[in-house]
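Trainee: I am new to this one and would love a close look at a single part. Please start there and then show me how the rest is laid out.

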Amino acid sequence: MKIAVISFTREGSRLCGRIVRGFREQGQECDGYVQAKFLDGRQEAGIRVSEEPVSQWTGRMFGQADGIIFVGAAGIAVRAVAPYLRDKLTDPAVLVCDEQANFVISLLSGHVGGANGLAVRTARMLGAVPVITTASDVQGLTAIDVWAKERKLVISDRELAKQVAAARLDGEPVGFFSDYRLKGPVPQGYVSGQRFRENVWVTCRTETPDLVLGTVMGLVTDSAPGFAADSATDSVTLRLIPRVLTVGIGSRKNVEAQKVEDAVRQAFEKHALDLRAVKQIASIDLKRDEDGICRLARRLQVPFLTFSAEELEAVPGNLAESPLVRRVTGTGNVCERAALRAVGAGAIKEAGAVDSASAAEASGTVDGAGAAETSEAVKSAGIAEETGTTWELVVRKERYDGVTVAVVHEMTEIGAEQE
């Protein structure tokens, strides 16, 4: 978190310096801004001279800092930030601290922006009282947006998130479902495996398939909520989306960027996967500068990884081969091998065939998965030795107008960073 602190008086400038020193000693990136006349010629690490109007400084910090601390009156902060407020999911955390360090007020972006947590940290450092006014914190409840942010989960629908939060504030139970094992308990006040009017579902999917999805805290999720089911009832489901999907892409040279994006979107729609769950894109090194793939990676804001033909050939498994692709690239399957290699599946401790519902798409199983007596042995799965993460090839090589797409799903354990 990048923190910016500003003060307006001599007394406030002393406290500004104290805050900056405290955060820097903790290894936090923090800069303080004071007027030159209050420095008396002193130089201090992290303290910068600023003579620009506070409104102009605030606008600049809104684009640069994750947290802004005003040392002074709350009214100054309110007037300064007002023109720049846009969205609770993107606005930085804003705090106000009085010059005597009695109180540290979480003023803006308490949950997603992290102002509440920053206020507590700042107050602890100064020996001050943190002032938190968000309803869930006052009532001692878990705010679902904070819970999601701590675990780097994407909120599917902001309005649904508000509805779920309101239900908890009104004392109503909320159902909780997860396709992944959790580190620690479900959020306080949420009921695992039971469906209510409002529900939360940790998933990379957009709807519930006919088959069993996985586990809900160790329970079978044949009752996992989905939008299709919700349409016939009064219940709603907020999805919290982890970045667990790796997209492998192969293509003709210089294929149009729109065709690359359309291919991936079609594959995701076909398999009811959410694009916001994409963690990374992978291909062969020959495609390192392929404009269409690079543009998609930028649009999704994910890394684009490439591997040599030799690295892709080292990925074990009985994968669909193309003689033409092998002649051109040195490997007979780019999209599947690249996706598997990106999740560390180049070395497999153990593997097994899973989900026989898509048998028609399969051409075999990963080495060690057990012999496939017929084409009914399908999607490959295993445990990457490099990461220990269980993975599943959920989209086998599919072709869309000169572009091939494969998707690997990492069945990771969901936990907060501090867990």
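Which residues does A267 touch, not counting residues up to four places away in sequence?

Mentor: Happy to help! This is a predicted model, where local features need pLDDT of at least 70 and side-chain atom pairs count only at pLDDT 80 or more, while totals for chains, interfaces and linings use all residues. Residues are numbered from 1 along each chain as its sequence is written, and side-chain values use heavy atoms, with hydrogens and water left out.

Leaving aside residues up to four places away in sequence, A267 touches E398, Y400 and V405; a contact here means heavy atoms within 4.5 Å. A267 lies in helix α9, which covers residues 257–270. Helices (H or I, at least four residues) and strands (E, at least two) are DSSP runs, numbered from the N terminus. A267 counts as buried because its relative accessibility is 0%; buried means under 20% relative accessible area, exposed over 50%, and partly exposed in between, with a 1.4 Å probe and protein chains only. The C-alpha atoms of A267 and A406 are separated by 8.3 Å, although these two residues are 139 residues apart along the chain.

Helix α9 also holds E261. With 11% relative accessibility, E261 counts as buried too. With residues up to four places away again left out, E261 touches L296 and R299.

Now for another part of the model. Seven strands form an open sheet with mixed pairing, in the order β3-β2-β1-β4-β5-β6-β7; two strands pair if DSSP finds at least two bridges between them. Its edge strands, β3 (47–49) and β7 (129–131), each pair on one side only. On average, neighbouring strands of this sheet are turned by 25° against each other, direction ignored. Helix α1 (residues 10–25) packs on the sheet, touching β1, β2, β3, β4 and β5, and its direction makes about 170° with that of β2. For such angles, axes are lines fitted to C-alpha atoms, for helices over the stretch in contact, and the angles run from 0 to 180 degrees between N-to-C directions. Within the sheet, β5 (residues 93–97) and β6 (residues 103–108) pair in the antiparallel sense over 4 bridges, and L95 stands opposite S106 in β6.

Finally, the whole protein. Its secondary structure comes to 13 helices and 21 strands, and 51% of its 419 residues count as buried. Among contacts with a separation of 6 or more, 63% join residues 24 or more positions apart.
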